[in-house]
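Okay, thanks for coming, everyone. Let me put the structure up on the screen, and then we'll walk through it together.

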Amino acid sequence: MALVAVAAATVLPEAGWNATAHYALVESLADGTPRIDGHLNQGGDVAWVDGHFYAAKSPGLAFASLPLYATLDAVGAVPTNEVATLGPPGARGVRKEAVWQLNLVIVAAFFGLLLLVRYAANACAPGTGLAVAVILGLGTMLLPFSTAYFAHVLSAALGFAAFALVLCRRDSRLAVAGAGLLAGLAVVTEAPLALVAVALAAWVLVDRRRLQRGGLYVAGLVAGSIPLLAYNAWAFASPFRNGYSDAVAVRGATGHDVVGANDVGFFGLTYPRPDDALDLLFDSQRGLFVLTPVVAVAVAGLLPLWRRGSRREAIFVGSLAFAFVLYNAAYWIPFGGDTPGPRFLVPLLPFLALPLAAAFAAWRWVTLATAAISAFWMIVATLGGALISADVSPTTWVSEVIRADNLVGSVVGRRRTAELAFALPAAVALLLAAPALVRPADRRARAQVRQHGDLLED
C-alpha cells in the first residue's frame, strides 16, 4: 500500500481549475485573508461576493494544506507563478510543481485511506484486506484523484475513518464522539459528505443507549463543523453563507461577467434524473461500471456480505451508495466537468471495501479479472492525463502513454522516465500483494487462526 502511494506521489498533477482554485485559497490563507483577489489564477472555480473574489470551494483541503505551504514558503521552496493567458484580469499561472508539492497532502490521505480499507475489509472477511486495498488503490478513481489536487480523496479518507471507528469500536463512547468529529471534518472538506454524516448517525442510533450515543455523535459532529462555520463567518459575514451561491458562470472581461453557476435549484441540486443516474454508471465513455467494472462486482458483493451475516453493514453501504447516486444525478453537472468518471462518487468508493471483500472471498477470479481491467484504465488515465472532456474517448489515455509527448509528467523527469517512476513502485506493490490476490482468502484466514492458536498455547 505504501508503494501504491509512492507511485501516486511521482505524478505531476495538472494545474486545472479545481486544483488552482484550492491553491489560490491556500495562498490567501497564508496571507491572512479568505479573499483570493491577490492570488487570482487561470482557473475558473471562483466566486464573486460583495466586490471580491473567493475560491468556490469548501475550505477543508486548504486548511489541511496550509501547514505544508507555510513550511515550504518559509524556506523559499514554493515555485513562483507564471504569466497567465486565461483567467480574470491580473491572473497568474500556477506551475504544476507547485500543485505537486501540496498534493502530497492528498497522497498522505490516500495512504491512510488504504490502511483503513485493509483494516475494515479484514474485519468483514478475514484475509481479504490487502487484496481489497490494492484493488481499490489501483483499480478505482481513487488512483487518478490521488494524483490531482482535488478534495475527493481527503474527504473520502475522513468520512471512511469515521465509519471505521464505529464499525470496529461500536461499544466505545469515545469512538462515537470521534466518528462525529471526523464526519464533521469531512463535511468541511466536501459538502456532500453530509450524506455520510447522516448515514453514520443512523448507524449510531441503532445500538442501545441511543440518547447518550446520539448526543456524543452530534457533539463531535458540531465540533468538526466549527472550522467551516468559522470560515464562512470570516469570509461572508455569516456562518451559513458560502461562495457556491455566487460562483462565477461566465468570466468574461471582468472575470465575473455572469454570477450564478449554481443558481438552479438548491446550490445546483434539483431532483434525481433517471437518465443521468444511468449515465453515471453505464455511460460508454466514462460510466463508473464501464471504466471500473470491479466497482460493479463490489456492488454485487452486497449479497454475499448479507449472507455472511453482516446485514447491518450491507444495508448501510447499499443505502449510502443509493443516496450518492441519487444526489449526483440531481446535480446540474453530474460528471463534474473534465474527469475520468463521475468524480462526485469518489467519496463512496472506500465504503465499497466491505462488499468487495465479500465478493473477493466468494468470486475471487471474477473479482481479479474485473480488477485487472479497472486497474488498466485507471493507470493509463493517471499517466495519460485523467482530466479529459466528455467528447474525448478514454482511448486517448492509451495514445498519450504510448506517445509520451503530452504525458502529465513526473517530479523526476518527463516522457518515459515519468512512466517508469510510476510503474516501478506500482509493479513492486502488485508483486508483493500477489500471494494475497491469488491465494484463497479462507485459506489465509485459517492460517491466521492457527497462528493465533499456536501463540496462545505458547
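So let's start inside: is helix H5, residues 129–139, largely enclosed by the rest of the structure or left open? Before I answer, keep in mind that this is a predicted model. Okay, H5: ten of its eleven residues are buried, so this helix is largely enclosed by the rest of the structure. If you want to click through them, the buried ones are Gly129, Ala131, Val132, Ala133, Val134, Ile135, Leu136, Gly137, Leu138 and Gly139.

Now let's zoom out to the whole chain. You're looking at 20 helices and six strands. How does the radius of gyration of the chain sit against that of a compact globule? For 458 residues, a compact globule would come out near 23 Å, and the chain has 22 Å, so the two agree. If you like boxes, the C-alpha atoms fill one of roughly 70 × 60 × 50 Å along the principal axes.

As for what's inside, 54% of the 458 residues count as buried. And look at how the chain folds back on itself: take contacts between residues at least 6 apart in sequence, and 71% of them join residues at least 24 apart.

On the outside, the accessible surface is about 18,900 Å², and 64% of that belongs to carbon and sulfur atoms. Charges next: there are 32 positive side chains and 29 negative ones, with the centres of the two sets 11 Å apart.

Next up, cysteines, since somebody always asks. How many disulfides turn up in the whole structure? Zero. Take Cys124: the nearest cysteine sulfur belongs to Cys168, and that's 10 Å away. From the other side, the closest cysteine sulfur to Cys168 is the one in Cys124, and 10 Å is too far for a bond; the cut-off for a disulfide here is 2.5 Å. Their surroundings are worth a look too. Cys124 has 13% relative accessibility, so it counts as buried. Cys168, at 25%, counts as partly exposed.

Last stop, a glycine. Where does Gly51 sit? You'll find Gly51 in the loop between strand S1, residues 46–49, and strand S2, residues 52–55. Gly51 is partly exposed, with a relative accessible area of 40%. If you rotate a bit, find Asp37 as well: Asp37 and Gly51 are 14 residues apart along the chain, and their C-alpha atoms are separated by 9.7 Å.

That's my tour, so over to you.

Conventions. Residues numbered from 1 in each chain as written. Predicted model: local features only at pLDDT ≥ 70, side-chain atom pairs only at ≥ 80, totals over all residues. Heavy atoms only, no water. Helix = DSSP H or I, 4+ residues; strand = E, 2+ residues; numbered from the N terminus. Rg over C-alpha atoms; globule rule 2.2 N^0.38 Å. Buried < 20%, exposed > 50% of the residue type's maximum accessible area, 1.4 Å probe, protein only. Contact = heavy atoms within 4.5 Å. Areas by Shrake-Rupley, 256 points an atom, 1.4 Å probe, with all protein chains shown as cover. Lys, Arg positive; Asp, Glu negative; His and termini not counted. Charge placed at Lys NZ, Arg CZ, Asp CG, Glu CD.
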